[in-house]
Amino acid sequence: MAEQPAPEGAPGIANPLVFWARPFGWLGAAAIVYMMLATTLSVFGRHLAGWEPQGMQEQMELALAVAVFCALPGAFLRDEHVTIDLVDGLGRRRLTVLLRIAGLLLGMALLALAFWRSIDTLRYKWDSPEVTGMLSLPKYLYALPVAFGAGLSLAAIGVVLWAVASGRLHGGAKRQLD
């Protein structure tokens, strides 16, 4: 039986960057769903039964850190950051590619700084006996998603930079790789 060609945009076939971005999106989405369900439970519990789960603020802070920083590498791989396409129409394609590479290099530099600082903070929090007030969660749990997200985002930018610089990625990760 002849193998059917993959439909355009099929994950892992037409664009491996989008395929590898999926787990990060799922993790961020799971954290957001948890935040919505926990907030709903808290509101209904407070208004209907006069009961509120303990440590909701600490739970929401941790879930927000997971949602933002663990989904960040996926946003880089899918090329879903906010961009201004004004330059695309004004300049040549070569100028657009050079500006994109410059933006990716600047992003790498800033994420390298964020990763370095987050590792420093994570090491400090790991050695510290500090815990949160209500749930007694170790404080390093709050620094862990930041370091994880910054480090993997740095790697994701490196992959996108390689794809753009080598000419394999044209006009964003949403389009196919050559």
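Biologist: Which residues does Met35 touch, leaving out those up to four places away in sequence?

Modeller: Met35 touches Met60, Ala63 and Leu64. Keep in mind that we're looking at a predicted model. Met35 itself sits in helix α1. You can also check a backbone distance here: Met35 and Gln59 are 24 residues apart in sequence, and their C-alpha atoms are 8.2 Å apart in space.

Biologist: Is Met35 buried or exposed?

Modeller: The trick is to look at relative accessible area, where buried means under 20%. Met35 has 19% relative accessibility, so Met35 counts as buried.

Biologist: What about other residues of that helix? Where is Val33, for instance?

Modeller: Val33 is also in helix α1, which covers residues 16-49. With a relative accessible area of 39%, Val33 is partly exposed. Val33 and Ala67 are 34 residues apart along the chain, and 9.6 Å separates their C-alpha atoms. Then there's Ser42, again in helix α1. Ser42 is buried, at a relative accessible area of 4%.

Biologist: Which residues does Ser42 touch, again skipping those up to four places away in sequence?

Modeller: Trp51, Glu52, Pro53 and Met56.

Biologist: Okay, let's zoom out. How many helices and strands does the chain have?

Modeller: Five helices and zero strands. Reading from the N terminus, you'd write the elements as α-α-α-α-α.

Biologist: And how do I describe two helices that pack together?

Modeller: In general, you give the angle between the two axes and the distance between them. Try helix α2 (residues 56-78) and helix α5 (residues 140-165): their axes come within 7 Å and cross at roughly 10°. Angles under 35 degrees count as roughly parallel, and α2 and α5 are therefore roughly parallel to each other.

Biologist: Which residues make that contact?

Modeller: From α2, they include Leu62, Val66, Phe69 and Phe76. From α5, Tyr142, Phe148, Leu152 and Ile157 are among them. Sorted by class, the contact of α2 with α5 has 19 nonpolar, two polar and two charged residues.

Biologist: Can we talk about helix length? What span should helix α4 have?

Modeller: The general idea is to use 1.5 Å a residue and compare the expected span with the distance between the end C-alpha atoms. Helix α4 (residues 93-127) has 35 residues, so it should span 51 Å; its end C-alpha atoms are 50 Å apart, which agrees. You can do the same with α5: its 26 residues reach 37 Å from first C-alpha to last, close to the 38 Å expected. Just after α5, look for Gly167, which takes a positive phi of about 80°.

Biologist: Which residues of α4 are buried?

Modeller: Here's the general idea: an α-helix has 3.6 residues a turn, so residues three or four places apart point the same way. Now the case at hand: the buried residues of α4 are Ile101, Leu104, Gly107, Leu111, Ser118, Leu122 and Lys125. What covers them includes α2 and α5.

Biologist: And Ala102, is that one buried or partly exposed?

Modeller: Ala102 lies in helix α4 too, but at 42% relative accessibility it counts as partly exposed. Ala102 and Leu161 are 59 residues apart in sequence, and their C-alpha atoms are 9.5 Å apart in space.

Biologist: What can I look for in the loop between α4 and α5?

Modeller: Start with Thr132, which is found in that loop. Thr132 is buried, with a relative accessible area of 7%. Leaving out residues up to four places away in sequence, Thr132 touches Glu58, Leu137, Lys139 and Tyr142. Thr132 and Glu58 are 74 residues apart along the chain, with 7.5 Å between their C-alpha atoms. Then find Ser136, in that loop as well. Ser136 has a positive phi of about 55°, although it is not a glycine. Its relative accessible area is 46%, so Ser136 is partly exposed.

Biologist: Last one: how much of the chain is buried?

Modeller: Buried residues make up 33% of the 178 residues. The chain exposes about 11,700 Å², and carbon and sulfur atoms supply 67% of that area. For contacts, take pairs at least 6 apart in sequence: 71% of those contacts join residues at least 24 apart.

Note on methods: Residues numbered from 1 in each chain as written. Predicted model: local features only at pLDDT ≥ 70, side-chain atom pairs only at ≥ 80, totals over all residues. Heavy atoms only, no water. Helix = DSSP H or I, 4+ residues; strand = E, 2+ residues; numbered from the N terminus. Buried < 20%, exposed > 50% of the residue type's maximum accessible area, 1.4 Å probe, protein only. Axes fitted to C-alpha atoms, helices over the stretch in contact; angles between N-to-C directions. Parallel < 35°, antiparallel > 145°, perpendicular 65-115°, else oblique. Contact = heavy atoms within 4.5 Å. Nonpolar A, V, L, I, M, F, W, Y, C, P; charged D, E, K, R; others polar. Expected span 1.5 Å × (residues − 1). Areas by Shrake-Rupley, 256 points an atom, 1.4 Å probe, with all protein chains shown as cover.
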